[in-house]
Amino acid sequence: MTIQLDKVVPWGRNFNEYVSMFDLTSAEKNLTILDCAAGPSSFNYEMTLQGYNVISCDPIYQFNADEIYHRIQEVYQNIIDQVKENYDTFVWQNFQSPENLGKVRIAGMEKFLQYFPNGVEQKRYLTAELPKLPFEDNKFDLALCSHFLFLYSDQFSVEFHLESILEMCRVAKEVRIFPLLKLSGEISPLVMPIIEKLSTKGYRAEIREIDYEFQKGGNQMIRISCGMLGKHPLAISY
Ligand SMILES: C[S@@+](CC[C@H](N)C(=O)[O-])C[C@H]1O[C@@H](n2cnc3c(N)ncnc32)[C@H](O)[C@@H]1O
């Protein structure tokens with residue numbers, strides 16, 4: 001795996017944010033869930049504490065907790081400074097200020113770091129890099145991807161996105177991706193081409209408004225039905 005830690009910006013969201021971003025119902029928490037590009041998010045830890053089943057994968061899991069912690073320390077102030085510079089491009093509803101955002105993020109990432117060594121032993125954290133996943137077909141009910149696909153549309157091609165989503169569809173019955181915005185805050189130009197390409201392959205994709213918005217305009221996720229029911233030509237809605 002080719003990733004270098006000094007090129008990665010580890011930054012992780014928590015359980016409540018995942019529930020809102022992916023519109024997870026109480027019943028859906030019981031599904032077997034794959035969190036792709038999960039990074040130092042505390043979602044897996046908080047779900048596991050409640051007795052649910054999540055496997056997370058990310059290339060940074062090849063590093064140990066100390067190494068990830070030091071990289072978080074290195075990038076932390078820069079991220080908060082950038083948020084301050086771009087203050088008006090965020091919705092300040094769930095977080096009171098950039099400093100408060102930082103505190104919430106650090107609290108979540110500390111939970112992740114504490115649990116990470118155990119989680120690796122229990123095979124809940126696996127080193128893996130899209131567009132390839134080390135799982136058998138249909139292993140999961142639901143695959144999630146937060147703040148990676150579409151967000152880095154300037155860095156990753158439409159082919160990479162399609163290959164990654166088809167791979168997530170291979171291992172899960174349904175895929176949900178959030179947000180549909182790029183880092184700059186504009187809607188990703190890859191969203192519509194990807195929906196069309198998925199449609200020609202017979203997958204049903206739906207854009208759904210959700211009750212979460214931190215990047216202004218970032219209140220939509222995409223849901224892709226990958227199981228037999230999803231393979232219905234022209235059954236696309238958005
Ligand atoms: C901004 S973080 C998002 C973390 C988490 N999903 C969240 O929303 O809190 C993006 C993550 O994508 C991971 N990443 C980078 N390249 C990847 C790839 N090819 N496949 C899977 N994950 C990748 C990075 O290591 C990083 O942890």
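Is Asn138 buried, partly exposed or exposed? Asn138 is partly exposed, with a relative accessible area of 45%, where buried means under 20% relative accessible area, exposed over 50%, and partly exposed in between (1.4 Å probe, protein chains only). This is a predicted model, in which local features need pLDDT of at least 70 and side-chain atom pairs count only at pLDDT 80 or more, while totals for chains, interfaces and linings use all residues. Residues are numbered from 1 along each chain as its sequence is written, and side-chain values use heavy atoms, with hydrogens and water left out.

## Backbone geometry

Most residues other than glycine have a negative phi, and most peptide bonds are trans. Asn138, although not a glycine, has a positive phi of about 55°, and its place is in the loop between E3 and E4; helices (H or I, at least four residues) and strands (E, at least two) are DSSP runs, numbered from the N terminus. His147 likewise has a positive phi, near 60°, in a residue other than glycine; His147 lies in the loop between E4 and H5 and is buried, with a relative accessible area of 15%.

Two cis peptide bonds can be described alongside these residues. The bond from Leu130 to Pro131 is cis, with omega near 15°, and Pro131 is found in the loop between strand E3 (125–126) and strand E4 (140–146). The bond from Phe178 to Pro179 is cis, with omega near -5°, and Pro179 sits in the loop between E5 and helix H6 (191–200).

## The ligand and its surroundings

Leu130, which precedes the cis bond to Pro131, is also one of the residues that come nearest to the ligand; of the 19 residues around the ligand, the nearest are Arg13, Ala37, Asp58, Leu130 and Ser146, a residue being near if one of its heavy atoms lies within 4 Å of the molecule. By class, this shell has eleven nonpolar, five polar and three charged residues, where Ala, Val, Leu, Ile, Met, Phe, Trp, Tyr, Cys and Pro count as nonpolar, Asp, Glu, Lys and Arg as charged, and the others, Gly among them, as polar.

A backbone N or O atom of Ala37 lies 2.8 Å from a nitrogen atom of the ligand, and a backbone N or O atom of Leu130 lies 2.8 Å from a nitrogen atom of the ligand. For Ser146, a polar side-chain atom is placed 2.4 Å from an oxygen atom of the ligand. Taken alone, the ligand exposes 600 Å², and the protein buries 93% of that, with accessible areas from the Shrake-Rupley method and a 1.4 Å probe.

## Cysteines

The structure holds one disulfide, defined as a pair of cysteine sulfur atoms within 2.5 Å, and this bond joins Cys169 to Cys226 with an S to S distance of 2.1 Å. The link of Cys169 and Cys226 is left-handed, with -65° about the S-S bond. Cys169 lies in helix H5 (residues 158–171) and Cys226 in the segment after strand E7 (220–225), so the pair ties together parts that are 57 residues apart in sequence. Cys169 counts as buried at 5% relative accessibility, and Cys226 is buried at 6%. Cys36, by contrast, is in no disulfide, and the sulfur of Cys57 is 4.0 Å from that of Cys36, its closest cysteine sulfur, which is too far for a bond. Cys36 is buried, with a relative accessible area of 0%, and Cys57 counts as buried at 2%.

## Salt bridges

A search of the whole structure finds 15 salt bridges, each a side-chain nitrogen of Lys or Arg within 4 Å of a carboxyl oxygen of Asp or Glu. Three of them are listed here.

| Pair | N to O distance |
|---|---|
| Glu99 and Lys84 | 3.0 Å |
| Arg223 and Glu174 | 2.9 Å |
| Lys182 and Glu186 | 3.7 Å |

Lys182 is buried, with a relative accessible area of 11%, whereas Glu186 counts as partly exposed at 46%. Salt bridges that share partners join Glu28, Glu174, Arg176 and Arg223 into one network. Within that network, Arg223 is buried, and so is Glu174. Glu99 is partly exposed, with a relative accessible area of 43%, and Lys84 counts as partly exposed at 38%.

Technical notes:
A polar contact is a pair of N or O atoms within 3.5 Å; within protein, one must be able to donate a hydrogen and the other to accept it, and residues adjacent in sequence count only if both atoms are side-chain atoms.
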